[in-house]
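User: Please take a close look at the aromatic side chains of this model and at what lies around them. I would also welcome a description of how the helices at the start of the chain are packed.

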Amino acid sequence: VVAGVVLLAMVARRVGGRRAGIVAGVLAAIYPLLWINDGMLLSESLYLPLVALSLLAAYRFWQRPGWVDAGLLGGAIALAALTRAEALLLFAVLVIPLLWGMRELTLGRRALLAIVSWAVGALLILPWFAYNLSRFEEPVFMTSQTGAVLSAANCDTTFYGDFIGYRRVRVAC
């Protein structure tokens, strides 16, 4: 949790300056949903710092769009994805818009930087894919729960009614 709080503060400092970093660090340190997972031994304890690290890597890549920084971004996202599979979405919702905004680079160079980022991520995730494919009867790449998490958290019952903010336990909404 300490690493996550520090990295969140660093991201906020990068985005909004020194004061924003201090405020974000203090709020993150006292926010129970960030540290409660440590006692329950859940993956979120590691997920928080890895997503923050991915954001720091994205800012570094934005400032210095090179091969190494593209690889670092892909690696950080892959490590976050190995912790919680939902982080795979960052390859689409973070890398693509980031590269789209780099108008000073040619389209070809942006495409190559995307390929580098995705290739590094794939190399880090591939051993887990291979291991899962070899040990289960049905094909499982990262986890068998990603669809359940995304669908259960995005039902009408999550946003409307007496239980706003909760997720529906059944997979089908």
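Analyst: In this predicted model, Arg-109 is placed over the face of Trp-67, at 4.8 Å from the ring centre.

As to rings that pair with one another, the structure contains one aromatic pair. Its members are Trp-128 and Tyr-131, whose ring centres are 5.7 Å apart and whose planes stand at 40 degrees, so the pair is classed as tilted; stacked planes would have to be under 30 degrees apart, and edge-to-face planes over 60. Both Trp-128 and Tyr-131 belong to helix H7 (residues 107-135), where three residues, about one turn of the helix, separate them. Trp-128 is partly exposed, its relative accessible area being 34%. Tyr-131 also counts as partly exposed, at 44% relative accessibility.

Turning to the helix packing, helix H1 (residues 2-16) and helix H2 (residues 18-30) have axes that come within 7 Å and cross at roughly 150 degrees. Because angles over 145 degrees count as roughly antiparallel, H1 is roughly antiparallel to H2. The crossing of H1 past H2 is right-handed. On the H1 side, the contact is formed by Val-5, Leu-8, Ala-9, Ala-12, Arg-13 and Gly-16. H2 contributes Arg-18, Ala-20, Gly-21, Ala-24, Gly-25, Ala-28 and Ala-29.

Definitions and conventions. Residues numbered from 1 in each chain as written. Predicted model: local features only at pLDDT ≥ 70, side-chain atom pairs only at ≥ 80, totals over all residues. Heavy atoms only, no water. Phe/Tyr/Trp six-rings, centres within 6.5 Å; stacked < 30°, edge-to-face > 60°. Helix = DSSP H or I, 4+ residues; strand = E, 2+ residues; numbered from the N terminus. Buried < 20%, exposed > 50% of the residue type's maximum accessible area, 1.4 Å probe, protein only. Lys NZ or Arg CZ within 6 Å of the ring centre and 35° of its normal. Axes fitted to C-alpha atoms, helices over the stretch in contact; angles between N-to-C directions. Parallel < 35°, antiparallel > 145°, perpendicular 65-115°, else oblique. Left-handed = near helix turned anticlockwise from the far one by under 90°. Contact = heavy atoms within 4.5 Å.
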